[in-house]
Amino acid sequence: MPAVLEIEGLRKTYKSRRRGTRNALDGFDMRVDAGQVHGFLGPNGSGKTTTLRTLLGLIRPDGGRMVLLGHEVPDALPAVAGQVGAIVESPQFFPHFTARDTLSLLAGAGEVPATRVDEVLELVGLRDRSGERVKTYSLGMKQRLAVASALLKNPKLLILDEPANGLDPGGIREMRTLMRNLAESGMTVVLSSHILGEIQLICDSVTIISLGRRVAFGPVDEVLAQHSSGAVRIRLEAVSDLPVATDVLTQAGIRVTGHPDHLMLAGVDKPASVTRLLAEKNLYVSELAPIAVDLESVFLELTATAPVPGQHRQVDESMKVGGTAQPGPAGGGWGA
Amino acid sequence: MSLFRTELRRLSKRRFTRYMTLLGLVVLAAVVVGVFLTNQKIDAGQLARAERQADQQYQEQVRWSEQERAACEQAKAAGTASDGRYPDDCSMIAPPPRDQIEAKWFLPSTFNFKETFDETLIPFAAILALVGFVIGASFVGAEWSTGGMMNLLLWRPKRLTVLLTKLAALLTGILAVTLPAAVLWFAGFWAVATFRGSTEKMTSGVWQSFVLTGVRGVALVVVFTTIGFALASLGRHTAMALGGVVAVMVVGQFGLGILLDMAGVRFAEAWLLPTYALAWMTKKITLEDWNACNATYYGECKPATMDITWQQSSVLLSVGVVVILGAALWAMRRRDIS
């Protein structure tokens, strides 16, 4: 499949006399193929929004290459802007205009037919409230309006930053269905979100960013498989056999963690080998369950942002690719 | 062109634009109505009555000076004239010449179009320049602070084109209000002069002079609107322009004025911006330095003078617009949008 979005070695450095230098993007790479729903994940401050802003010409990059729909950006951005719909961060609109006025003015600026305004209002469920001023809207309604503004162009590529933010559960489900429908109609969707369960449900592929670098990418299934630890939980017929079983499995090179009524095994390639090993010693398994990983646990592992009891993780304390968790502001944070 | 039309629509849709324009026009209308109500047409009877009152005034002055001269001579004869109440030479106490007491002092106020109309163009330009400045600042400042500018740039990524199109739409909107308002201003004061004064002695030269003053007034409105727009864009907030003006006027003008006065600087007004705005409208302002008193042959004091001309003002206004708008365009092109 052709790439709709390609980023190679993107760099953005913020310099401040008082706070020193901070690498917001440190050689970031990304690729999104046509027709996919692509999840773009990363902890707070990891560079997601900077990437999207840079891609859309709002921020000037310090290095790297970006291609949108086959055109190098930012130079060719005027040529492709009409095919890229985007919302970046929280929805922002002039509060005293109605939703219809807001969309109508955008449609005018972008030479989009006025009839498209009604279509997108219908699509995001704001048809009956379109005559109200935006300042009276809830966060979720503003979010719907933001999505409507991005869809107004009927874009080939839709970039949405936290589109489910502020939506009620019904709205989240509607948004999920909308994303899938858009992808089925041929639109490519890049979705930045912290609701990882949603990403896992909606997305075909993901890119995970941490401290300005890509730490994982690919189809969701592959990313999950790559970071599956091969964990297996087993129970035996007799709890008294657990110590013997621990010895047998340890001698076979399997990492074992004992619990009062079961064992947790790590690094198991083939669960069948466990049953064979134990059966040879007359130890009979009553339960063997491979532990599946989800995107949230992979994300927390890759970005090293899992909460630790008694510790207060700071924003920049996350995983740098090829390195370890950063202890503080040094190594990428302000003053580094 | 679609962007220009859209921005013009955006400008006219904003409530702030509508209210400020309405407020400005109401103030202008109030000025015309106020002048109409406080002036009268002078007829021959009123003129004759004023002449009589001037005569009476002169006669009173003659009587009073004769009384005082007599009192002076009496005091001198009694030897009590040394208290400083009277001059040494009592003949110095004399009434003013008859022509010094003018009949027009006793006439009600009347609006003479030829003599007074060009003065009214100064408040006209000042009020609309203020309205233009505030609307210009708000138009782009609110776009920046509410995220509208970022949204627009996602549609139209050519930053300078977007900013300059917004400015063009703004100036078109301001001119669409200012030019008809100027025509109504001329018409309004012509009506005032017709019904409450005089429209005599209007030659083509006078009309030409008024039109040129009006054109300079419109130019002043355009300049201030552009500066308000550029300052707000530079600071990416309406408050930047309004705060900047307050800072310049309070610190830069009142403060500087006091400082220059304390330092005894000659022609201190030459350092103050309103002087140049006034010189632009009146073509020339003559500043006077009363500390440098040049005695004439007749003993009167003639202060040293300095002329500020509309040409000097035009240089200052042009440099101001180029620098501030240039900075706004540079920032628009170079600065990240976050």
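**From a strand pair in chain A to the contact with chain B**

L5(A) stands opposite V32(A) in β2(A), and this residue pair is a convenient place to enter the structure, which is a predicted model. The strand pairing around it can be followed outward: strand β1 of chain A, made up of residues 3–16, is joined to β2(A) by eleven bridges, and the two strands run antiparallel. Both belong to an open sheet of four strands in chain A, whose order is β2-β1-β4-β5 and whose pairing is antiparallel. At the edges of this sheet lie β2 (20–33) and β5 (71–73) of chain A, each of which pairs on one side only. From one strand to the next, the twist averages 25 degrees.

Stepping back to chain A as a whole, its secondary structure comes to eleven helices and 14 strands. The domain assignment divides the chain into domain 1, covering 3–225, and domain 2, covering 229–290, and the centres of these two domains, taken over C-alpha atoms, are separated by 46 Å. The C-alpha trace of chain A spans about 80 × 50 × 40 Å along its principal axes. Of its 336 residues, 43% count as buried. Among the contacts in chain A between residues at least 6 apart in sequence, 67% join residues at least 24 apart.

Chain B is likewise assigned two domains, but here domain 1 is written as two segments, 2–41 and 110–334, while domain 2 covers 44–106. The centres of domain 1 and domain 2 of chain B, again taken over C-alpha atoms, are separated by 48 Å.

For chain B there is also an annotation to set beside the model: an unreviewed UniProt entry places the feature "transmembrane region" at residues 20–37, 121–142, 163–190, 210–232, 239–260 and 315–332. Two of these spans can be described from the coordinates. Residues 20–37 of chain B are 100% helix and 0% strand, with their end C-alpha atoms 25 Å apart; for residues 315–332 of chain B, the span is also 100% helix and 0% strand, and the end C-alpha atoms again lie 25 Å apart.

It remains to bring the chains together. How many residues of chain B are in contact with chain A? The contact involves 24 residues of chain B and 24 residues of chain A. On the side of chain B that touches chain A, the elements giving two or more residues are α1 (2–13), α4 (113–146) and α5 (148–155) of chain B. By residue class, this side of chain B divides into nine nonpolar, seven polar and eight charged residues.

Conventions
Residues numbered from 1 in each chain as written. Chains lettered and ligands numbered in written order. Predicted model: local features only at pLDDT ≥ 70, side-chain atom pairs only at ≥ 80, totals over all residues. Domains from an automatic or database assignment. UniProt positions renumbered as here; feature names shortened; annotations may be inferred. Contact = placed C-beta atoms within 7 Å. Nonpolar A, V, L, I, M, F, W, Y, C, P; charged D, E, K, R; others polar. Pairing = 2+ DSSP bridges. Axes fitted to C-alpha atoms, helices over the stretch in contact; angles between N-to-C directions. Buried ≥ 20, exposed ≤ 12 C-beta atoms within 10 Å, placed from the backbone.
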